[in-house]
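I opened this model to look up a few things and wrote them down as I went. The notes follow the order in which I checked.

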Amino acid sequence: MIKRLSRCIREYKWAAILSPLCMIGEVSMEVLIPLVMADLYDYGIVMQNMNTVVTKSVQLIILALLSLSFGVASATFASKAGTGFAKNLRHDMFYRVQNFSFSNIDKFSTASIVTRLTSDVANLQMTFQMMIRMAIRSPMMLILAMFSSMRISVKLSLIFLAALPILIIALVVLTPTVFKIFDRAFKTYDRLNNVVQENIHGVRVVKSFVREEKETEKFTSISGSIYNDFSKAERILALNSPIMQFCVYACMIAISWFGANMVVASGNNPDLGLTTGELSSLFTYTTQILSSFMMFSMIFVMLTMSRTPLKRCYEILVEQPDLTSPTDICVTEVPDGSIDFENVGFRYNPNALHRTLKEVELHIPSGSTVGIIGGTGSSKSTLVQLIPRLYDVSEGTLKVGGIDVRKYDLNVLRDNVAMVLQKNELFSGTIKDNLRWGNPDATDEELIHACKLACAHDFIIAFPEGYDHKIEQGGTNVSGGQKQRLCIARALLKKPKILILDDSTSAVDTRTDALIRQAFRDEIPGTTKLIIAQRISSIQDADMIVVMENGYIHAAGTHEELLASSPIYQEVYYSQQKGAME
């Protein structure tokens with residue numbers, strides 16, 4: 001996982017290298033300062049040698065300035081490397097998500113993907129910045145301070161080793177327990193994100209049903225779970241600090257006792273004892289050595305916290321899209337809009353026994369208009385979503401232009417198939433911005449023409465800004481019928497060989513519906529048009545009408561043929577006729 005995520009450093013590699021190098025320089029200066037202080041005290045102040053005092057004071061100032069400079073440089077490079085790493089990681093994850101099929105997205109859930117791209121990446125950024133600084137500072141400080149203290153007194157330096165087993169035991173015991181809690185907490189974040197997204201997206205429904213209190217309770221419950229998990233983890237980690245402090249003060253007391261005796265002994269035999277300056281240096285090294293152990297514990301805590309985000313981001317990066325372009329022979333042109341279903345079957349779950357579509361045999365000539373009707377759950381939408389390979393067939397073969405859809409370059413196929421889905425989506429921006437999703441190079445005249453075909457031009461020019469009218473996220477500031485017509489115009493701008501309308505005129509009146517269908521016949525006669533509808537009036541003039549039931553094609557034919565032969569079609573037709581008369 002670390003190897004894969006390290007590729008996200010890329011152009012910030014030198015910043016990631018220079019930060020620990022500068023940190024080594026900062027640590028080196030900090031370790032030298034106690035030695036100079038010892039000389040200042042022993043050979044300057046005690047012996048009242050002003051030349052030594054001045055010389056050592058200047059050296060201390062230089063070392064302090066160098067330490068400060070190295071520290072600032074290290075922090076700057078670490079910040080640049082950390083933010084750059086996070087930027088690249090988000091880019092790589094988002095790019096990978098763009099290639100996901102619907103089944104890939106369903107595997108993770110939308111809320112989980114959002115959490116991974118935001119909170120998880122932020123945690124990894126903080127960990128990465130700490131690692132390239134603290135993970136270098138801690139061992140370097142330990143090695144250099146230990147070496148310097150041994151130069152002063154090997155015997156006193158052995159005191160540090162006594163504290164080592166205690167610190168290691170504390171880390172080994174605390175880390176696994178905390179990891180399980182953090183792992184659970186980050187998964188709970190996904191649920192929290194999902195609740196927030198659902199609430200904001202469906203805020204009108206929440207208010208119309210007066211469910212604010214219930215939604216608040218749901219949010220509070222999940223938020224409370226996160227609070228409890230993190231509180232428990234923090235309480236366990238809080239044990240780390242007193243253990244560290246105990247080791248620090250125990251070592252200082254031991255060094256104070258034995259060191260003081262050695263300073264007294266040095267009065268009789270200087271070779272066997274310590275000077276006062278050397279003892280004060282040992283106190284500084286004690287703090288440095290044991291603080292490096294504390295840094296180790298902090299690093300372990302950060303690694304423990306980041307292990308779950310690391311795994312979750314890695315899962316996104318290595319997830320292979322279920323649907324990809326062929327690697328050998330790749331067709332890059334769609335000859336025409338003919339569609340052939342040859343004994344097609346489909347399962348959403350490859351391991352499931354239940355088939356959503358069963359034994360579909362359907363042949364649609366290029367340029368024809370096909371209506372699709374059926375009850376709820378009859379798999380109408382599933383049928384048309386196979387055409388642009390939003391899903392792949394589980395059985396049989398689906399051909400477009402006489403070629404198996406799995407042989408096409410995926411972008412080429414989808415660029416020749418325009419879909420207006422049941423859930424029409426508009427994005428924040430102007431109406432022009434949304435329309436140009438269909439064709440980024442479309443001129444204003446082409447935009448207006450497409451909107452006229454979709455019966456959208458009149459309501460657009462009624463806005464004060466016209467085509468520059470701002471659409472809010474999700475199209476919440478336009479009506480359902482207006483949204484549908486804008487989405488139809490957007491699809492028409494693609495000038496596709498196949499146009500699929502998945503119940504996308506349900507929110508417009510019958511007159512507007514008829515005008516849109518008339519525009520299709522007159523303006524795009526060569527485009528194959530598939531229209532899923534609930535109203536028979538929307539499809540009765542189609543070249544062929546397909547009646548679906550329980551994933552099967554129950555019947556197919558013209559309006560007149562189905563009225564004579566299909567009981568299901570007859571029932572729907574006469575019930576709608578009766579309702580219209582009433």
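**Entry 1: a strand pair to start from.** I began at I372, which stands opposite I532 in β10. The model is a predicted one, and I read it as such. I then looked up the two strands around this pair. β3 and β10 pair in the parallel sense, over four bridges.

**Entry 2: the other partner of β10.** I moved on to β9. It pairs with β10 in the parallel sense, and I noted five bridges. One position I wrote down is I498, opposite T528 in β10.

**Entry 3: how covered is β10?** I asked how many residues of strand β10 are buried. Five of the five are, so this strand, residues 528–532, is largely enclosed by the rest of the structure. I also checked which way the side chains go. T528, L530 and I532 point one way, while K529 and I531 point the other way. All of them are buried, the lysine K529 included.

**Entry 4: the whole sheet.** Next I wrote out the strand order: β6-β9-β10-β3-β11-β12. These six strands make an open sheet, and its pairing is mixed. Which strands stand at the edges? They are β6 (417–420) and β12 (552–557). Each has a single partner strand, so one side of each is left without a neighbour in the sheet. I also looked up the twist: neighbouring strands are turned by 15° against each other on average, direction ignored.

**Entry 5: the β6 edge.** β6 runs parallel to strand β9 (residues 498–502), and four bridges join them. M419 has I500 in β9 as its bridge partner. A helix packs on the sheet here: α16 (residues 480–492) touches β6 and β9. The direction of α16 makes about 180° with that of β6.

**Entry 6: the β12 edge.** At this edge the pairing is antiparallel: strand β11 (residues 544–549) is joined to β12 by five bridges. I545 stands opposite G557 in β12. β11 and β12 form a hairpin with two residues between the strands. In that hairpin, N550 takes a positive phi near 55°.

**Entry 7: more positive phi values.** I looked up two further residues.

- N343 has a phi near 50°, positive although the residue is not glycine. N343 lies in strand β1 (residues 339–346). Is N343 buried or partly exposed? With a relative accessible area of 44%, N343 is partly exposed.
- S379 has a phi near 75°, again positive in a residue other than glycine. S379 sits in the loop between β3 (369–374) and α11 (380–385). At a relative accessible area of 9%, S379 is buried.

**Entry 8: L156.** I turned to the helices. L156 lies in helix α6 (residues 154–201). L156 is buried, with a relative accessible area of 3%. I listed what L156 touches, leaving out residues up to four places away in sequence: I255, F258, G259, M262, L274 and L282. I255 is 99 residues from L156 in sequence, yet their C-alpha atoms are 6.4 Å apart in space.

**Entry 9: D229.** This residue is in helix α8 (residues 212–238). What is its relative accessibility? It is 10%, under the 20% cut-off, so D229 counts as buried. Beyond its neighbours within four places in sequence, D229 is in contact with I181, R184, A185 and T188.

**Entry 10: cysteines.** I counted disulfides and got zero. For C455, the nearest cysteine sulfur is that of C451, 11 Å away. C22 counts as buried, at 12% relative accessibility.

**Entry 11: the chain as a whole.** I finished with the overall numbers. The chain has 19 helices and 12 strands. Why do I call it more spread out than a compact globule? Its radius of gyration is 36 Å, well over the 25 Å that the globule rule gives for 582 residues, so the chain is more spread out than such a globule. The C-alpha atoms fill a box of roughly 125 × 55 × 50 Å along the principal axes. Buried residues make up 48% of the chain. Among contacts between residues at least 6 apart in sequence, 77% join residues at least 24 apart. The accessible surface is about 29500 Å², and 60% of it belongs to carbon and sulfur atoms.

Definitions and conventions
Residues are numbered from 1 along each chain as its sequence is written. This is a predicted model: local features need pLDDT of at least 70, side-chain atom pairs count only at pLDDT 80 or more; totals for chains, interfaces and linings use all residues. Side-chain values use heavy atoms; hydrogens and water are left out. A disulfide is a pair of cysteine sulfur atoms within 2.5 Å. Buried means under 20% relative accessible area, exposed over 50%, partly exposed in between (1.4 Å probe, protein chains only). Two strands pair if DSSP finds at least two bridges between them. Axes are lines fitted to C-alpha atoms, for helices over the stretch in contact, and angles run from 0 to 180 degrees between N-to-C directions. Contact means heavy atoms within 4.5 Å. The radius of gyration is taken over C-alpha atoms; the globule rule is 2.2 Å times the number of residues to the power 0.38. Accessible areas come from the Shrake-Rupley method with a 1.4 Å probe; for residues, only the protein chains shown count as cover.
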